[in-house]
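I opened the model today to look up a few local features. My notes are kept in the order in which I checked things.

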Amino acid sequence: MSRLVCADFDEFEEALYGVQGRYVLRSRQQRDWRLRVVELNGVALMFGREGAGTVYSGVGLPGFFNIFLPLNRHECTVVNGHRFDRRLLAWMVPDAMFHIDASQPATWMTVAMSCELVLRWAKVHEDEFDPSILSRNLVNVAQRDIAPLIWLARRLFRIDQQAPEDLHNPAAEHAARTELMDRVFRTLLPLATPGRTPRARLDHQQILRKALELLASIKEAPVHMEDLCVAAGASERTLRNVFNRYLGMSPHRYLMMHRLHAIRGVILQARPGDTITDICAQYGVWDFGRFAGHYRTYFGELPSQSLHGRLRTAGTLPLHSIIR
C-alpha cells in the first residue's frame with residue numbers, strides 16, 4: 001500500500017491515480033493532505049483526505065475509468081454541477097473533463113479500473129450492461145446501498161496494511177479485483193437497459209453442463225465467474241438464472257462452496273510442511289478471516305483444525321503441536 005502524508009496539496013495532486021488535473025484552493029489549509037492507494041494489477045483503490053476546501057478540474061487518463069464518491073461532507077461536494085448526498089456517485093470515463101467543487105475539506109474514495117478490465121466485465125454482462133456509460137461522465141443515484149462497497153474497500157486497505165503477502169500474489173489479486181469490480185458495478189451503475197433485445201434462448205442444461213465440466217476439470221486453481229461465462233457461452237445473468245433454477249443457489253455462492261470443498265480436499269491430503277496459507281494462496285483467498293468463518297460455518301471447524309487433524313492422523317504432527 002502506498003501511504004502519503006503531505007504538508008501541502010502539490011505532492012498530493014501529483015500522486016492521484018487514474019486522473020490528471022489541477023487543484024485550486026478555495027479555503028485556507030486546515031490539516032495535512034493524506035492519500036492511501038492499494039494497487040491490484042489493473043485496479044487501484046484510493047482513499048484521499050484533503051486539507052482544505054478545493055476545486056479540482058481534470059480528465060480521466062486514457063487507460064482508466066473511475067468511480068468517485070465522498071465519504072463525508074457530501075452536501076459540500078459538487079461534481080459536474082451536481083450537489084452530492086449519500087446516495088450519489090460519479091463515474092468518469094477516459095479523456096473526459098470533470099470538475100469537483102468541495103467547499104470544505106473532504107474525505108473521498110475512488111476506484112480506478114483499466115479499460116481492458118472494464119470492457120471484459122461489460123462483455124461478460126452484455127445482456128444487462130448499458131454500453132452508453134462507456135462514453136460519458138455520469139452522476140447517478142446508486143442502484144444499491146453504498147455501504148457494502150465502502151466496507152469491502154476498507155477491508156482491502158486493512159489487509160493490505162496488516163498482511164500484504166496474503167493479498168499480493170497473482171491469484172489473490174485477481175480474486176480481490178474481481179470482487180471489487182463486481183461490487184462497484186452491481187452497487188453503483190445502471191446495468192439494466194429497458195427495451196433491449198434479449199439474447200437468443202440457450203439450452204439451460206447445456207449451459208449448466210459446460211459450467212460444471214469446467215469446475216470438475218480445474219483441481220487446484222481458482223475459478224471465477226468470467227471463466228464460467230466463457231466456458232458456458234452465456235452471460236452472468238443467464239448463469240444466475242440457470243444456477244438458481246437447477247441448483248437452488250447463485251453461481252457466486254456455488255463458486256464459494258466449490259472453493260471451500262476444493263481447499264478442504266487439499267487440506268485432508270496435506271503433507272508435512274504444507275500450510276493453510278500456501279494451500280489457500282492456490283485458490284486466490286485474500287481475506288483469510290472471512291474465509292475461515294465460512295469454512296467453520298460449513299465444516300464445523302477452522303481450516304487449521306482440519307490440517308492438525310490430518311497431520312495427527314498421518315502421524316507427522318509433533319506432540320507439542322497437537323497439544324496447542
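The entries below cover one helix, the salt bridges, an annotated domain and some backbone angles.

**Entry 1. Source of the model**

I note at the start that this is a predicted model.

**Entry 2. Helix α8**

I began with helix α8, which runs over residues 236–247. I checked its length against the expected rise. At 1.5 Å a residue, its twelve residues should span 16 Å, and I find the end C-alpha atoms 15 Å apart, which agrees.

Which residues of α8 are buried? I list Glu 236, Thr 238, Leu 239, Val 242 and Phe 243. They cover an arc of only 150° around the axis, so they sit on the same side of α8. The general rule for helices fits here: with 3.6 residues a turn, residues three or four places apart point the same way.

I then looked up what the buried residues of α8 pack against. The partners are α2 (115–124), α5 (170–188), α6 (204–217), α7 (225–232) and α9 (251–267).

After α8 comes Gly 248, and I read a positive phi there, near 75°.

**Entry 3. Asp 182**

Asp 182 is in helix α5. Buried or exposed, I asked of Asp 182? Its relative accessible area is 16%, under the 20% limit, so I enter Asp 182 as buried.

Setting aside neighbours within four places in sequence, I find Asp 182 in contact with Trp 121, His 125, Glu 236 and His 252. Glu 236 is one of the buried residues of α8.

I also find Asp 182 in a network of salt bridges, where Glu 128, Asp 182, Arg 186, Glu 236 and Arg 240 are linked.

**Entry 4. Salt bridges**

How many salt bridges does the structure hold? I have 16 for the structure. As background, side chains of opposite charge can pair when their charged atoms come close. I wrote up three pairs.

Arg 26 with Asp 101: the closest N and O atoms are 2.5 Å apart. Arg 26 lies in the loop between β2 (19–25) and β3 (33–39), and Asp 101 is in strand β10 (residues 97–102), so the pair ties together parts that are 75 residues apart in sequence. I enter Arg 26 as partly exposed at 44% relative accessibility, and Asp 101 also as partly exposed, with a relative accessible area of 24%.

Glu 116 with Arg 120: I read 2.9 Å, N to O, for this salt bridge. Both residues lie in helix α2, four residues apart, about one turn of the helix. Glu 116 counts as exposed at 55% relative accessibility, while Arg 120 is partly exposed, with a relative accessible area of 31%.

Arg 120 with Glu 226: this salt bridge is 3.7 Å, N to O. Arg 120 is in helix α2 and Glu 226 in helix α7, so the pair ties together parts that are 106 residues apart in sequence. Glu 226 is partly exposed, with a relative accessible area of 27%. I note that Arg 120 takes part in a bridge to Glu 116 and in one to Glu 226.

**Entry 5. Annotated domain**

From the UniProt record, an unreviewed entry, I took the annotation "domain: HTH araC/xylS-type", which covers residues 209–309. Over residues 209–309 I find the chain 71% helix and 0% strand. The end C-alpha atoms of this stretch are 35 Å apart.

**Entry 6. Ile 218**

Where is Ile 218 found? I place it in the loop between α6 and α7. Ile 218 counts as partly exposed at 24% relative accessibility.

Leaving out neighbours within four places in sequence, Ile 218 is in contact with Val 223 and His 258. I also looked up Ala 262, which is 44 residues from Ile 218 along the chain; their C-alpha atoms are separated by 9.8 Å.

**Entry 7. Positive phi outside glycine**

Most residues other than glycine have a negative phi. I noted two residues with a positive value.

Asn 41 has a phi near 55°. Asn 41 is in the loop between β3 and β4 (43–49), and I enter Asn 41 as exposed at 57% relative accessibility.

Asp 95 has a phi near 65°. Asp 95 lies in the loop between β9 (88–92) and β10, and Asp 95 is exposed, with a relative accessible area of 56%.

Note on methods:
Residues are numbered from 1 along each chain as its sequence is written. This is a predicted model: local features need pLDDT of at least 70, side-chain atom pairs count only at pLDDT 80 or more; totals for chains, interfaces and linings use all residues. Side-chain values use heavy atoms; hydrogens and water are left out. The expected span of a helix is 1.5 Å times one less than its number of residues. Buried means under 20% relative accessible area, exposed over 50%, partly exposed in between (1.4 Å probe, protein chains only). The arc is that of the directions from the helix axis to the C-beta atoms. Contact means heavy atoms within 4.5 Å. A salt bridge is a side-chain nitrogen of Lys or Arg within 4 Å of a carboxyl oxygen of Asp or Glu. UniProt positions are given in the numbering used here, feature names are shortened, and annotations may be inferred rather than shown by experiment.
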